Amino acid sequence: MRELRAVLSRGAINDNDIHNIVLSYLVHNCFKESVESFISCTGMKQPADCLEDMEKRKRIFHFALEGNALKAIELTEQLANDLLEKNKDLHFDLLSLHFVELVCSRKCTEALEFAQTKLTPFGKVQNYVEKLEDFMTLLAYEEPEKSPMFHLLSPEYRQQVADSLNRALLAHANLPSYSAMESLIQQTTIVRQCLNQELGKDAPPPFSLKDFLKS
């Protein structure tokens, strides 16, 4: 967000602004090789401990994305030992990924035992009761892919949890949870929505990143 605030405060964009926004995006998404190449090409100063921390986050992110949630949890606790203790929602989501992997592997007995030991304790809090019911529904179907909760088995769900974990790790390291580029797109979208409400028919069309990239 520091990069974005700097741009907005001046009201004009220069090459350094663009470089900072691009670097923020690359660091946020753990594109280590691209960061090294970009820094080398632009002559920018490398952020302190940037590459080492990025490599650790990248490993954790990919373990979560691949469904190896227990390894992601293990490495997260090594890097930020109190993060999951403070962020119960994220901890539950990571444990649920492992449960889903067991279900997908048709290890139903193991999945049930895991749910009883690791997930059921969350049921003491009302917020998790419905989530638990959704996941346990998967065990009622011989083909869980055809259950009403089939979306919990999808790559999109793993991506959502992995992204949440990455943002939490960034915040724990006192870094922005969203890249400057994401924040810029969000603010642009909000501004367009406000203009549409105020100007009606005379308003510019809603912001579309897809259309913007084509222009």
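The following questions and answers go through the helices, salt bridges and burial of a predicted model.

Trainee: What does the secondary structure of the chain come to, in helices and strands?
Mentor: From the N terminus on, each element of the run is an α element. The count of strands is zero, and the count of helices is twelve.

Trainee: How many salt bridges does a search of the whole structure find?
Mentor: A pair qualifies when a side-chain nitrogen of Lys or Arg lies within 4 Å of a carboxyl oxygen of Asp or Glu. Glu33 with Lys58 is a salt bridge, with 3.8 Å between the closest N and O atoms. Over the whole structure, the search finds six.

Trainee: Which parts does the pair Glu33 and Lys58 tie together?
Mentor: The two residues form a salt bridge. They are 25 residues apart in sequence, and because Glu33 lies in residues 32-42 and Lys58 in residues 50-65, the parts tied together are helix α3 and helix α4.

Trainee: Is Lys58 buried or partly exposed?
Mentor: Buried requires a relative accessible area under 20%, and exposed requires over 50%. Glu33, the partner of Lys58 in the salt bridge, has 48% and counts as partly exposed. Lys58 has 22% relative accessibility, so Lys58 is partly exposed.

Trainee: Which residue forms a salt bridge with Asp82, and how far apart are the closest N and O atoms?
Mentor: Asp82 is partly exposed at 22% relative accessibility. The partner is exposed, with a relative accessible area of 67%. That partner is Lys86, and the closest N and O atoms are 3.0 Å apart.

Trainee: How many residues apart are Arg106 and Glu145, which meet in a salt bridge?
Mentor: Their side chains meet at 3.3 Å, N to O. Arg106 sits in the loop between α7 (88-104) and α8 (108-119), and Glu145 in the loop between α9 (126-137) and α10 (155-172). The pair links distant parts of the chain, and the separation is 39 residues.

Trainee: What is the relative accessible area of Glu145?
Mentor: Arg106, the other side chain in this salt bridge, counts as partly exposed at 40% relative accessibility. Glu145 is also partly exposed, with a relative accessible area of 40%.

Trainee: Is Phe61 buried or exposed?
Mentor: Phe61 is found in helix α4. The cut-off for buried is under 20% relative accessible area. Phe61 has 14%, so Phe61 is buried.

Trainee: Which residues is Phe61 in contact with, leaving aside its neighbours within four places in sequence?
Mentor: Contact requires heavy atoms within 4.5 Å. With the neighbours within four places set aside, the contacts of Phe61 are Gln159, Ala162, Asp163 and Asn166.

Trainee: Which residues is His98 in contact with, beyond its neighbours within four places in sequence?
Mentor: His98 has its place in helix α7. His98 is buried, with a relative accessible area of 15%. Apart from those neighbours, the contacts of His98 are Ala69, Leu70 and Phe114.

Trainee: Among contacts between residues at least 6 apart in sequence, what share joins residues at least 24 apart?
Mentor: The chain has 215 residues, of which 33% count as buried. For contacts between residues at least 6 apart, the share joining residues at least 24 apart is 53%.

Trainee: How much of the accessible surface of the chain belongs to carbon and sulfur atoms?
Mentor: The accessible surface comes to about 13,200 Å². The part that belongs to carbon and sulfur atoms is 53%.

Technical notes
Residues are numbered from 1 along each chain as its sequence is written. This is a predicted model: local features need pLDDT of at least 70, side-chain atom pairs count only at pLDDT 80 or more; totals for chains, interfaces and linings use all residues. Side-chain values use heavy atoms; hydrogens and water are left out. Helices (H or I, at least four residues) and strands (E, at least two) are DSSP runs, numbered from the N terminus. Buried means under 20% relative accessible area, exposed over 50%, partly exposed in between (1.4 Å probe, protein chains only). Accessible areas come from the Shrake-Rupley method with a 1.4 Å probe; for residues, only the protein chains shown count as cover.
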